[in-house]
Amino acid sequence: MDPFEYAKSIADMWAMGGKALLSAQQTAARAMEIALAPGALPDFTRMTDVATDVAEFSRAWQSVMELWSAATALAQTLPGPAKDATVEATFQKLADPRSWLSVTGEMDEFLGRMAEGPRFSDILNVERKFAQVYRAWLTMRQRGMEQATVVLEAWQRAAKLFGAEIAKSAAPRDGDAMLKLWVETANQALLEMQRSERFLEAQARMIRASTDLRLAQQDLVEYYGEQFGFPTRRELDDVYKAVTELRRELRALRRASNPAPHPKVRAKAKTGD
Amino acid sequence: MSAKDARPTISPAAGVAGMAQLGNKMLTGTRLLNAVRDGDVAIGTTPKDLIWQQDKVSLYHFRPLTERTVRTPVLIVYGLIGRWTMADLQEDRSLARNLLNLGIDLYVVDWGNPSRADRWLTLDDYIDGYLYDCVQEIFTREAVPKLNLLGICEGGVFTTCFAALYPLLVKTMALTITPIDFHADTVENRTGHGFINIWTRSLAPEDIDKLIDANGCLPGQFMGAVFNQMTPMRTLLKYNIDLLDVVDDEKKLLNFLRMEKWIADRPDHPGEAAKQWLKELYQDNKLVRNELHIGGRRVDLGQITMPVLNVYAKDDHIIPPATSRALGDKVGTKDYSELGLPGGHVGVFVGGRSQSLFAPGVAKWLAERE
């Protein structure tokens, strides 16, 4: 296979993958816009107690739309798919960015699961908090893309090194040898990438964003809990803390009343050493 | 010679033969996988009895397999990341069984499955609370003045702290793949080694607090994902290439599945203890600096005056050898030995080569100090 053709096909697939991701975000934003259009929701402005929330929500929504516009602009910068991209099936599989991303994608998936709680349709009556959640979600997606960019660059580097290595050798290679070479080359490139400041910073930002999203969701759930009289996460954590502290006190009392069976420990306890 | 000349070349005959071989392998593998039952891949099966429980913590006593050769019992202490069953993965690759076969009287502590309800538990609770109580429970059963401790990974840190705080209770301390100097990953600085050290240092302390407050713990699945990042291609190929390699060999397939079972059993790390682990140890490196406080007392490694055996894996990418070996200069005993074993972090326990070195090495060392 021609290494240049190979690299080109990879670039095409990255572009398609990036566009698909952004397209999904745009669809979500459009759906939200329709759902929140005049007439789609009760007129909250007549309710004086929520008027402030509505105003804050409007501002928050404006921020969301600005983010969406920025994402749309980013999408325009990505190249379209090539018309003549043809690669052999085996190497297409190897070069599939979906499988590449699945290495660090496991982290993304987990963080996503940590972050993704109630669906938006469940929370339309708490718009301000909802907007905070949505903004946090968009930020997390953005951070995810930033991290994916760093990872994809490492794969690109691996692909170039692999292509160059193949070009160097005159002897034909069998499938196993090619696979071994690809695994070694890609592994080295990924490990080097993972130690880089860029990757570590990108992943730290991704973790921060996913945590912020989870906290925003928890804040929303706390609101529901308080409204309907359900025990909240915060209240349960308070109870857990009290239980842990009581157990510590119990342990201390038990030790005081039943000295350690070991004589040397008893002696040590008496001296307060 | 152009690049196109170097493309892979497979003859039609070889291609058909390869396809047939692969088909046969898949067929056999499918049959084997269909026949496998949970009991076939049971781990931690060496017979033992539950002798004590407190909250979620359990203390087990292994049943003897032969006559006792070392009078003082050994307590195995694993950490909160992963499960002690690594030391008893399968009958022919089991540190516990090997030690029992060499006449060692063996106990093990199981920390259970911490949940959000345990988010406020600290390292102090584990070391100065549960571990202390486990040791005392063994003293009520055994007519011995001191105990031998065998700490593994994070459990090795627990053991080290305990030995420094209660040297009068500890006859000997053996550590396995235990980090002491959490910044010594920079000594060798091997690519692919010590990633967790670098990764943890890259996080802001307030981000660690937020992550744990948001989850109430350090989720086991999260740490699993971090571990998988350390071996990117191995992670990617595990369920296709690696599994395909062993799928038609029953023994190898069951070994593979047992390891998967252990990997999947990742308890959540209690929140406050995780903050201490990541910030005070990985980031601030307080243990080797004698600045860590447990139960209101400073952990001074110089107080470790009993014999120490430090077992490390020569190719450990999770706990680089230098992070373990740093203990040698810090302890207050002259009876300090090291045992470097071939293999990596997990290979020390399940690798074929270490089976004849690890348990016999520990048993011999213990017997010499009895």
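## Helix contacts and a buried strand

In this predicted model, A:Val183, A:Ala186, A:Asn187, A:Leu190 and A:Leu191 of H6(A) meet B:Pro232, B:Met233 and B:Leu237 of H9(B). Sort the residues of this contact by type and you get seven nonpolar, one polar and no charged. H6(A) covers residues 175–194 of chain A and H9(B) covers residues 232–246 of chain B; their axes come within 8 Å and cross at roughly 135 degrees. That crossing makes H6(A) oblique to H9(B).

Now for a helix pair inside chain B. H3(B), residues 123–141, packs on H4(B), residues 154–165, at an angle of about 75 degrees, and the axes are 10 Å apart. The two helices are therefore roughly perpendicular to each other. On the H3(B) side the contact uses B:Tyr126, B:Ile127, B:Asp128 and B:Leu131, while H4(B) brings B:Phe158, B:Cys161, B:Phe162 and B:Leu165. Here the split is seven nonpolar, no polar and one charged.

Next, the strands of chain B. S3(B), residues 70–77, is mostly covered, with six of its eight residues buried. Which strands does S3(B) pair with? The table has them, each with a pair of facing residues.

| Partner of S3(B) | Sense | Bridges | Facing residues |
|---|---|---|---|
| S4(B), residues 104–110 | parallel | five bridges | B:Val70 and B:Ile104 |
| S5(B), residues 147–152 | parallel | four bridges | B:Val74 and B:Asn148 |

There's a helix to add to this picture: S3(B), H2(B) (residues 95–101) and S4(B) make a right-handed β-α-β unit.

Finally, is H11(B) enclosed or open? This helix, residues 271–283 of chain B, has 10 of its 13 residues buried, so it is largely enclosed by the rest of the structure. The buried set includes B:Trp277, B:Leu278, B:Leu281 and B:Tyr282, and also B:Glu272, B:Lys275 and B:Gln276. B:Gly271, B:Ala273 and B:Ala274 are on the list too.

What do these buried residues pack against? Among the elements of chain B they touch are H3 and H4, the pair that crosses at about 75 degrees. The others are helix H6 (195–201), helix H7 (205–215), strand S7 (217–218) and strand S8 (269–270) of chain B. Watch the labels, by the way: H6 of chain B is residues 195–201, whereas H6 of chain A is residues 175–194. After H11(B) comes B:Asn285, which has a positive phi near 55 degrees.

Terms used:
Residues numbered from 1 in each chain as written. Chains lettered and ligands numbered in written order. Predicted model: local features only at pLDDT ≥ 70, side-chain atom pairs only at ≥ 80, totals over all residues. Axes fitted to C-alpha atoms, helices over the stretch in contact; angles between N-to-C directions. Parallel < 35°, antiparallel > 145°, perpendicular 65-115°, else oblique. Contact = placed C-beta atoms within 7 Å. Nonpolar A, V, L, I, M, F, W, Y, C, P; charged D, E, K, R; others polar. Buried ≥ 20, exposed ≤ 12 C-beta atoms within 10 Å, placed from the backbone. Pairing = 2+ DSSP bridges. Right-handed = clockwise from strand over helix to strand, strands pointing away.
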